[in-house]
Amino acid sequence: MTTRVAAIDCGTNSIRLLVADLPEETAGPQAPLTDVTRRMEIVRLGQGVDRTGRLAPEAIERTRVALASYAADIEKLGAQRVRMCATSASRDAANAADFTEMVRATLGVEPEVVSGDEEARLSFTGAVRGLPADAVEPFLVVDIGGGSTEFVVGDRAGGVRSAISVDIGCVRMTERHLPGDPPTPEQVAAAEADIAAVVDRALAAVPGREAATLVGLAGSVTTVVAIAQGLREYDPERIHHARVSYEAVARVTADLLSRTSAQRLEIPVMHPGRADVIGAGALVLRVIMERAGMPSVVASEHDILDGIAWSLQ
């Protein structure tokens, strides 16, 4: 018998829902999840957290509205198990208890504010299950979020070898370094220097430079890959497992950082809630590839959300 589960990933920038049917245990380790529905809303829960150390009341309310809609879907679709993981913003906030109380009242389950290590392991599981058989191991999986980025090195058979979560993300770096619209060259240089220093520490800790394949997760990566492919609309099937060169990522990053937020919205694949922070997200990806010596990145539409679902098996 298959089991229907609901996974919710609440990050710094977005909140996402996956309702899926898990394969029977006899189906084998490469059997996929069967999606019932995937949803994403930009709620910017981490608004101002880097500066204030607190979750803004209006950000908690935006998240509550999205979560109430998700709870209705979960009930309608008959999910038997539910797990919600909350990541960087609610880890950092002094008033995290307000967020927890809201989730309990809205969803009926306790949110798990997962550690950076657990976040990394969930991301790795979601990304690696289903990778093409010819993808060369070991893998360096990077999950570029709003407040943090996870670096995980591992392989199919042994799973995670090493993992680290660091405080560089598209929202955090935008708020800290890129107030200009578009940012000035000096602002971009300051952001790049900050990102490079953190990335070097992360790659030494994992160690990421020994990996053979870079796998990139989350909206910053998939948006950059969609732009690099010249897509006229966001197409998850064409983005999933697409491989894009460092040169293409560098071109897209430079273009995004030269545009205003309004000009980024003119890009067909751009989500309106991502336009103001995508320059920083692209810069994080470009610096990771540069510092790790990776000639290309493989994008994955499957990430921590899928890992949360698999954890309910």
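In which sense do strand E7 (residues 149–155) and E8 pair, and over how many bridges? The pairing is antiparallel, and E7 and E8 share seven bridges. This is a predicted model, and here is a quick tour of the sheet those strands belong to, the helices against it and a few side-chain details.

**The sheet**
- Six strands form an open sheet with mixed pairing, in the order E8-E7-E6-E9-E11-E10.
- Its edges are strand E8 (159–166) and strand E10 (243–245), each of which pairs on one side only.
- On average, neighbouring strands are turned by 25° against each other, with direction ignored.
- For a residue-level look at the E7 and E8 pairing, start at threonine 149, whose bridge partner in E8 is valine 166.

**Helices on the sheet**
- Helix H8 (residues 219–228) packs on this sheet, where it touches strand E6 (139–144), strand E9 (213–217), E10 and strand E11 (296–300).
- The direction of H8 makes about 115° with that of E11.
- Helix H12 (residues 278–292) lies across E6, E7, E9, E10 and E11, and runs at about 160° to E6.

**A closer look at H12**
- H12 has 15 residues, which at 1.5 Å a residue should span 21 Å; the end C-alpha atoms are 21 Å apart, so the two values agree.
- Most of H12 is covered, with 13 of its 15 residues buried.
- Glycine 293 follows H12 and has a positive phi, near 70°.

**Rings and charge**
- The structure has zero aromatic pairs.
- Tryptophan 310 does have a charged group over its ring: the charged end of arginine 129 sits 3.6 Å from the ring centre.

Terms used. Residues are numbered from 1 along each chain as its sequence is written. This is a predicted model: local features need pLDDT of at least 70, side-chain atom pairs count only at pLDDT 80 or more; totals for chains, interfaces and linings use all residues. Side-chain values use heavy atoms; hydrogens and water are left out. Two strands pair if DSSP finds at least two bridges between them. Helices (H or I, at least four residues) and strands (E, at least two) are DSSP runs, numbered from the N terminus. Axes are lines fitted to C-alpha atoms, for helices over the stretch in contact, and angles run from 0 to 180 degrees between N-to-C directions. Contact means heavy atoms within 4.5 Å. Rings of Phe, Tyr and Trp (its six-membered ring) pair if their centres lie within 6.5 Å; planes under 30 degrees apart count as stacked, over 60 as edge-to-face and the rest as tilted. A charge sits over a ring if NZ of Lys or CZ of Arg is within 6 Å of the ring centre and within 35 degrees of the ring normal. The expected span of a helix is 1.5 Å times one less than its number of residues. Buried means under 20% relative accessible area, exposed over 50%, partly exposed in between (1.4 Å probe, protein chains only).
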